[in-house]
Amino acid sequence: MESSLTSCARAEPFHTITPLLESWALSQVAGMTVFLKYENVQPAGSFKIQGIGHFCQEMAKKGCRHLVCSSGGNAGIAAAYAARKLGIPATIVLPEGTSPQVVRRLQGEGAEVQLTGKVWDEASLKAQELAKRDGWVNVPPFDHPLIWEGHASLVRELKAALGTPPGALVLAVGGGGLLAGVSAGLAEVGWQHVPIIAVETQGAHCFNAAIKAGRLVTLPDITSVAKSLGAKTVAARALACTQELEIISEVVEDVQAVSAVQQFLDDERMLVEPACGAALAVIYSGLLERLQAEGRLSPSLASVVVIVCGGNSVDSGGLQALKAQLGQS
């Protein structure tokens with residue numbers, strides 16, 4: 001009985017098809033139709049479960065006996081969730097400053113939690129070391145073809161819901177896994193002409209820095225409050241996508257991202273993290289309008305889709321603390 005249940009669990013993806021809803025409030029701000037793809041309501045709280053769930057299922061088929069994942073939070077929760085569903089133990093390695101609610105959530109999923117280093121890159125080295133053990137597999141948070149393959153399903157869902165392509169797609173970039181997956185998905189459904197507005201916060205802007213340099217760049221440190229975007233180097237695949245699709249890389253300030261989190265909470269009654277606020281800031285800060293005025297986006301844009309990527313590492317107290325830290329009342 002157990003084995004048939006396990007094989008059945010492996011066959012079905014772990015993510016759910018999330019709502020795509022037109023936002024009246026954001027459409028008013030943007031002056032066009034804004035659709036929100038609510039990946040924050042995934043069972044593991046972020047878009048990460050699409051790619052990481054797919055990766056973990058494939059590794060389980062190959063006989064993996066223990067999953068290890070380094071994470072700023074969301075990837076680790078997705079890996080721990082997938083491990084619990086697969087009946088495989090998981091060890092999640094996080095930077096020392098990770099929020100207590102993320103640690104509690106991981107422990108609630110049955111994962112062992114280790115805190116190592118100041119930033120994700122240091123936690124990643126520890127995870128790679130652990131993965132040398134027999135039967136252990138390192139789950140890359142964003143940099144693997146299986147991860148991108150999983151994230152591409154998000155675009156298939158968009159096509160099924162919308163039918164016709166949107167005028168543009170807005171997403172946040174951390175390590176670049178979502179960007180790589182969405183790019184693959186757009187090509188797959190024949191929507192490769194849809195421009196992607198890829199947003200980072202200043203201080204976690206490894207993708208923007210790479211585009212400007214024309215090669216991968218490693219940031220000296222992550223200074224942004226958007227810790228979920230905290231990879232010091234973007235995936236090489238994300239940079240390669242800029243040669244294949246129209247990708248507009250933009251950087252917003254922490255203040256704009258956190259302000260967008262507060263406005264989104266007031267408008268849609270949903271609390272998301274600053275990493276997600278970076279994407280929402282495209283609408284709230286008037287960036288979309290500026291891109292149109294500069295001729296980088298069509299002035300006759302009819303609609304835009306914003307991927308609401310997640311909200312695991314924030315609560316109401318945390319939002320107030322961030323606002324105080326950034327001098328917002």
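These exercises, each with a worked solution, walk through a predicted model.

Residues are numbered from 1 along each chain as its sequence is written, and in this predicted model local features need pLDDT of at least 70. Side-chain atom pairs count only at pLDDT 80 or more, totals for chains, interfaces and linings use all residues, and side-chain values use heavy atoms, with hydrogens and water left out.

**Exercise 1. The two domains**

Task: State which residues belong to domain 1 and domain 2, and describe the interface between them.

Solution.

Step 1. Find the bounds. Domain 1 covers 20-47 + 144-324, and domain 2 covers 48-138. These bounds come from an automatic or database domain assignment.

Step 2. Find the spacing. The C-alpha centres of domain 1 and domain 2 are 24 Å apart. Domain 1 brings 27 residues to the contact and domain 2 brings 20 residues. Contact here means heavy atoms within 4.5 Å.

Step 3. Find the buried area. The size of an interface is often given as the accessible area lost when the parts come together. Domain 1 and domain 2 bury about 1900 Å² between them, and 55% of it is on carbon and sulfur atoms. Buried area is the accessible area (1.4 Å probe) that two parts lose on being put together, summed over both. In domain 1, A44, L146 and N312 lose the most area to domain 2. Together they make up 26% of what that side buries.

Step 4. Look for polar links. The rule finds zero salt bridges across the interface of domain 1 and domain 2. A salt bridge is a side-chain nitrogen of Lys or Arg within 4 Å of a carboxyl oxygen of Asp or Glu. The rule does find eleven residue pairs in polar contact there, both residues at pLDDT 80 or more. A polar contact is a pair of N or O atoms within 3.5 Å; within protein, one must be able to donate a hydrogen and the other to accept it, and residues adjacent in sequence count only if both atoms are side-chain atoms.

Step 5. Name the helices. Helix 7 (145-151) and helix 8 each supply at least two residues of the side of domain 1 that touches domain 2. The largest share of that side, five residues, comes from helix 7. Helices (H or I, at least four residues) and strands (E, at least two) are DSSP runs, numbered from the N terminus.

**Exercise 2. One side of a helix**

Task: List the buried residues of helix 6, and say where they sit around the axis.

Solution.

Step 1. Apply the cut-offs. Buried means under 20% relative accessible area, exposed over 50%, partly exposed in between (1.4 Å probe, protein chains only).

Step 2. Make the list. W120, D121, A123, S124, A127 and L130 are the buried residues of helix 6.

Step 3. Check the arc. These residues lie on the same side of helix 6 because they cover an arc of only 165° around the axis. The arc is that of the directions from the helix axis to the C-beta atoms.

Step 4. Find their partners. The buried residues of helix 6 pack against strand 3 (66-70), strand 4 (90-94), strand 5 (112-115) and strand 6.

**Exercise 3. A loop residue**

Task: Is A131 buried or exposed, and what does A131 touch?

Solution.

Step 1. Locate A131. It is in the loop between helix 6 (120-130) and strand 6 (136-139).

Step 2. Classify A131. Its relative accessibility is 19%, so A131 counts as buried.

Step 3. List contacts. Leaving aside neighbours within four places in sequence, A131 is in contact with V68, W136, V137 and N138.

**Exercise 4. Salt bridges**

Task: How many salt bridges does the structure hold? Describe the pairs R65 and D134, and K118 and E96.

Solution.

Step 1. Take the total. The structure holds 14 salt bridges.

Step 2. Take R65 and D134. Their side chains meet at 3.1 Å, N to O. R65 is in the loop between helix 3 (48-61) and strand 3, and D134 is in the loop between helix 6 and strand 6, 69 residues apart. D134 counts as exposed because its relative accessibility is 65%.

Step 3. Take K118 and E96. Their closest N and O atoms are 3.0 Å apart. K118 is in the loop between strand 5 and helix 6, while E96 is in the loop between strand 4 and helix 5 (100-108). K118 is exposed, at 65% relative accessible area. E96 is partly exposed, at 42%.
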